[in-house]
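Please read the following points with the structure open beside you. They are meant as a careful first walk through selected parts of the fold.

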Amino acid sequence: QVQLVESGGGLVQAGGSLRLSCAASGRTFSTAGMGWFRQAQGKEREFVATCSWNGGSTIYTDSVKGRFTISRDNAKNTGYLQMNSLKPEDTGVYFCARGYGRSRYNYDYWGQGTQVTVSS
């Protein structure tokens, strides 16, 4: 069993930054990939970024490339999403999950999400 808890969301002005954290319980976190998804109100959950078990391989959706950075610290069982140059369209609930790839069906454990609101 793996539990994931996101934190770090909040309200920020356009152009600002936030760092999301994903704290995981269970030893299997460090041997699996992780990803971040987001869901805007009234829209489907969409892929944001993913990294391999050691952070050596990463994939980003085009809209966040150059602005967001996914990373992890396996010693702390924690993953991160550094978000810079935020835009209003980045607003949504951000979820971390265990797995790897662009498809949500590649992930088996999900956190409850943290709200990110970017004001214009």
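1. Strand E4 and strand E9 (residues 92-99) run antiparallel and are joined by 6 bridges, and within this pairing Gly 35 stands opposite Ala 97 of E9. Please keep in mind throughout that this is a predicted model.

2. Strand E4 (residues 34-39) also pairs with strand E5 (residues 46-51), again in an antiparallel arrangement, here through 5 bridges. In this pairing Trp 36 has Ala 49 in E5 as its bridge partner. The strand E4 is mostly covered, since 5 of its 6 residues are buried.

3. The hairpin formed by E4 and E5 has 6 residues between the strands, and in this hairpin Gly 42 takes a positive phi near 80°.

4. Where does Ser 21 lie, and what does it touch? Ser 21 belongs to strand E3 (residues 18-25), and with a relative accessibility of 16% it counts as buried, because buried means under 20%. When residues up to four places away in sequence are not counted, Ser 21 touches Val 5, Glu 6, Ser 7, Trp 36, Thr 78, Gly 79 and Tyr 80; the Trp 36 in this list is the residue of E4 whose bridge partner in E5 is Ala 49.

5. Thr 114 is placed in strand E11 (residues 114-119), and its relative accessibility of 11% means that it counts as buried. A polar atom of the Thr 114 side chain lies 3.2 Å from the backbone nitrogen of Gly 9. Leaving aside neighbours within four places in sequence, the residues in contact with Thr 114 include Glu 6, Ser 7, Gly 8 and Gly 9, as well as Leu 20, Gly 92, Val 93 and Tyr 94.

6. Two loop residues deserve a check of their backbone angles. Most residues other than glycine have a negative phi. Asn 77, although it is not a glycine, has a positive phi of about 55°; this residue lies in the loop between strand E7 (68-73) and strand E8 (78-83), and at 18% relative accessibility it counts as buried.

7. Is Ser 85, in the loop between E8 and E9, buried or exposed? Ser 85 falls in between and is partly exposed, because its relative accessible area is 42%. Like the residue in the previous point, Ser 85 is not a glycine and yet has a positive phi, in this case of about 50°.

How values were computed:
Residues are numbered from 1 along each chain as its sequence is written. This is a predicted model: local features need pLDDT of at least 70, side-chain atom pairs count only at pLDDT 80 or more; totals for chains, interfaces and linings use all residues. Side-chain values use heavy atoms; hydrogens and water are left out. Helices (H or I, at least four residues) and strands (E, at least two) are DSSP runs, numbered from the N terminus. Buried means under 20% relative accessible area, exposed over 50%, partly exposed in between (1.4 Å probe, protein chains only). Contact means heavy atoms within 4.5 Å. Two strands pair if DSSP finds at least two bridges between them. A polar contact is a pair of N or O atoms within 3.5 Å; within protein, one must be able to donate a hydrogen and the other to accept it, and residues adjacent in sequence count only if both atoms are side-chain atoms.
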